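Please look through the sequence and the three-dimensional structure shown here before reading the notes. The briefing then goes topic by topic, so that each part can be found again by eye.

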There are 2 protein chains.
Amino acid sequence: MEAQIIAIGSELLTPARVDTNSLYLTERLARRGVDVVRKVVVGDDQRRIAREIRTARDNSQIVIVTGGLGPTLDDLSREGAAEALGREMHFEPQILGWIEERFQRYGRKPSENNKRQAYVIDGAEILENPNGTAPGLYYSDDSGALMLLPGPPRELKPLFESECEPRLDRLPSPYSYYTHSLRITGLGESDVDQRIGPIYEAEKRAATTILSKPGDIQLHIRGRAETVEEARAIAEAVAGQVTDELGEHVYVQEDVGLETVVGRLLIERGLRLSLAESCTGGLLAERMSREPGSSKYLFGSFVTYDEEAKIAWLGVRRETLEKYSAVSEACAQEMAERARDAAGGPGKAVGVSITGFAGPGGGTDETPVGTIFIGLADDGETRIVRRQFGGDRGRNRSMASTTALDMLRRRLA
Amino acid sequence: MEAQIIAIGSELLTPARVDTNSLYLTERLARRGVDVVRKVVVGDDQRRIAREIRTARDNSQIVIVTGGLGPTLDDLSREGAAEALGREMHFEPQILGWIEERFQRYGRKPSENNKRQAYVIDGAEILENPNGTAPGLYYSDDSGALMLLPGPPRELKPLFESECEPRLDRLPSPYSYYTHSLRITGLGESDVDQRIGPIYEAEKRAATTILSKPGDIQLHIRGRAETVEEARAIAEAVAGQVTDELGEHVYVQEDVGLETVVGRLLIERGLRLSLAESCTGGLLAERMSREPGSSKYLFGSFVTYDEEAKIAWLGVRRETLEKYSAVSEACAQEMAERARDAAGGPGKAVGVSITGFAGPGGGTDETPVGTIFIGLADDGETRIVRRQFGGDRGRNRSMASTTALDMLRRRLA
């Protein structure tokens, strides 16, 4: 089955706003075997909205319209959809009741404009929205299903899952689906694709999606069969073969990031993480503190951007910096060991350091821009790796922090 | 004038990839008075691509197609555009020459597939791409201009600015435009809109766009007149009135962030920045180290996530933590002062601290989730502010770091 998504709103045609609802919807639809084949963004213009809905319904069974359900005169998705379907609208007192109740809770009264939200396309089902004033609408006929959903993600998401998905379940479909996700690091997208292509191509009952960020790849394997159990067995069999092929590069069998996996391992091992960062400027600590509850494993980070901070704060020896410079194996080693020791020492803490030239300036012939040293100090021998990245400043910093997290994961696992 | 943007690529129809080229293009087009009225994303399908181009050209004078110019058989933008225009394609040996040269530089040879990139739609101009193998194409006739640009942003952007914009300059337009940008912090979007709405509504020759991120607002004021000089005078007059109305909330009269403005002020004052972060986990340091050359003003940051790190690394007194807790004015003050002193002391360094409950856990009755204390220690009295944010963990961390940067900016200015 195929779907199209139409995002309505002139603000989505400005330079700073991007339609992210469609990413969520694409992911939810993919789980049930529905591919999104086209996405459109149009402004608040009834004629244009009607035209887009008509075109989309001519070509796909599922059409989802997001936004344009608010109370103002700019909000024209209801009117546009009615025009596209050639249907009238009627006033629904029940909806106005919900809206009045909602306003009452905040001690306010709905404005005259809110009444616009109580209009319903003839023949459409009303989807009650517990998180806002705009109800959704669901219309279905021989050409397929048309959904109108509010634009704010915190209204759209629960409404889609609780009201639309059960209705989509009732659309005739010969198959059941199950999606298994896994995450990969330390390999480029084309490497991964080359190595696992033969696996997923050989299993026609599974569809595989590769999504890549710098240093991190998400793999979604969607099995398709008559029952969910069979679909699950198919997806997991492909995941097993992929894991055999890629080995340790597969870092988790679900859709969570390296930060989460490393955090879990630290808790398991009863170790605290103590960092010493130079060129990443705090990015590694920022990543390791994103998850709620990270105080269970993150002790802290010395962001020693200046050489004097490396000496005064961390205790890196001045002669190390003079002899080898700050971008060196020796400096990375001292940084990692000092960080570990400042958080309880071996057995209690693990120290990780990053020093390098993120660019664009600062490289030398021997250590060009993009050279990064990462140190890892635990209760064994301190390990240092040197990497050469070729991206811009932001990408080099991102790759350095991801590489450090992966090194830590492998050491702890 | 109106434009439409068509992004080509099946990967843009997956849950993790979003078309960001259109944001850049929208911004560039807005500067010259061109509004984007519709954006479409379609997969790699020649018939669909042709249909989209035809529809877009029927309705808008400028149509920009991004992506689908690569060497693989999936890359079908050239073929789709030729079909839409009802034109043939021809082989252009000059392009193959460029491609061969490019490969030679990396000691490689183009594949057979790369020859596909040397095909040109009859009547189209070739836009040489110094950053990739795919040249752009520019086709123009009575219905308007059609541009085909490569998908990677680092290829698309320079190609658009150097090759497409001069050609757009030659399209007949009765007006000249000038855009003045400014940035605002410490006010919400609706506050800003309410206060400056009367100003920009009174000047019909200027169009104002408000783009907001948490704690930071970009304002683009586009003047329109017969000459660029007049357009500039109009835009700057509106900017002047906006600045008078919002006062110190306007932090810079160009489109750069707080990090850049604070960095410039630190260089001017000859001061180094030394940080002590708790709940932001390194985010403030990460932001202050994003710009190349930030080693000129960033000394470092103590990311003291754990209480023991606050004591052992920074020298916060244990009794302060016991008496007032880590989320307190007293703790923020000690953190800021210790950070300053660890980087040379008053007159040489300024210390900034952040401590708080980012959430979702950790609050108390007196200091609920979202409470953040920010300290600023220079050579005067240490200043502490308390803020109560109501967002999720990520937003609270972001707002805390932005508020700290703004406090620092005001103190240094």
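At what angle do helix H8 (residues 258-269) of chain A and helix H13 (residues 393-412) of chain A pack, and how far apart are their axes? In this predicted model, the two helices pack at an angle of about 35 degrees, and their axes lie 10 Å apart. The points below begin with this helix pair, and then turn to the domains, the sheets and the contact of the two chains.

**The helix pair H8 and H13 of chain A**

- Two packed helices are described by the angle between their axes and the distance between the axes.
- The crossing in which H8(A) passes H13(A) is left-handed.
- On the side of H8(A), the residues that take part are Leu258(A), Glu259(A), Val261(A), Val262(A), Leu265(A), Leu266(A) and Arg269(A), and they meet Thr402(A), Leu405(A), Asp406(A), Leu408(A), Arg409(A) and Leu412(A) in H13(A).
- Sorted by class, the residues of this contact between H8(A) and H13(A) are 8 nonpolar, 1 polar and 4 charged.

**The domains of chain A**

- Chain A is divided into domain 1, which covers 2-169, domain 2, which covers 176-252, and domain 3, which covers 258-412.
- The centres of domain 1 of chain A and domain 3 of chain A, taken over C-alpha atoms, are separated by 48 Å.

**A sheet of four strands in each chain**

- Strands of a sheet pair through backbone hydrogen bonds, either parallel or antiparallel.
- In chain A, an open sheet of 4 strands follows the order S10-S11-S9-S12, and its pairing is antiparallel.
- Strands S10 and S12 (250-252) of chain A stand at the edges of this sheet with a single partner strand each, so one side of each is left without a neighbour in the sheet.
- On average, and with direction ignored, neighbouring strands of this sheet in chain A are turned by 35 degrees against each other.
- Within the sheet of chain A, S10(A) pairs with strand S11 (residues 216-225) of chain A in the antiparallel sense over 8 bridges, and Thr208(A) stands opposite Ile221(A) in S11(A).
- Chain B also has an open sheet of 4 strands in the order S10-S11-S9-S12, with antiparallel pairing, and its edge strands, S10 (206-213) and S12 (250-252) of chain B, each pair on one side only.
- Strand S9 (residues 176-185) of chain B pairs with S12(B) in the antiparallel sense over 2 bridges, and the bridge partner of Arg183(B) in S12(B) is Val252(B).

**Where the two chains meet**

- The contact between the chains involves 46 residues of chain A and 47 residues of chain B.
- Helix H1 (21-31), strand S2 (35-42), strand S10 (206-213), helix H9 (283-288), strand S14 (298-304) and helix H10 (307-314) of chain A each supply at least two residues of the side that touches chain B.
- That side of chain A is made up of 25 nonpolar, 15 polar and 6 charged residues.
- S2(A) is joined by 5 bridges to strand S2 (residues 35-42) of chain B, and the two strands run antiparallel; here Lys39(A) stands opposite Val41(B) in S2(B).

**How the two copies are related**

- Chain A is superposed on chain B, with an RMSD of 0.8 Å, by a rotation of 180 degrees with 0.7 Å of shift along its axis.
- That is the relation of a two-fold axis.
- The same surface serves both copies, since 100% of the contact residues of chain A recur in chain B.

Notes:
Residues are numbered from 1 along each chain as its sequence is written. Chains are lettered from A and ligands numbered from 1 in the order in which they are written. This is a predicted model: local features need pLDDT of at least 70, side-chain atom pairs count only at pLDDT 80 or more; totals for chains, interfaces and linings use all residues. Two residues are in contact if their C-beta atoms, placed from the backbone, lie within 7 Å. Ala, Val, Leu, Ile, Met, Phe, Trp, Tyr, Cys and Pro count as nonpolar, Asp, Glu, Lys and Arg as charged, and the others, Gly among them, as polar. Two strands pair if DSSP finds at least two bridges between them. Axes are lines fitted to C-alpha atoms, for helices over the stretch in contact, and angles run from 0 to 180 degrees between N-to-C directions. A crossing is left-handed if the near helix is turned anticlockwise from the far one by less than a right angle, and right-handed if clockwise. Copies are superposed by least squares on the C-alpha atoms of residues with pLDDT of at least 70 in both. Domain bounds come from an automatic or database domain assignment.
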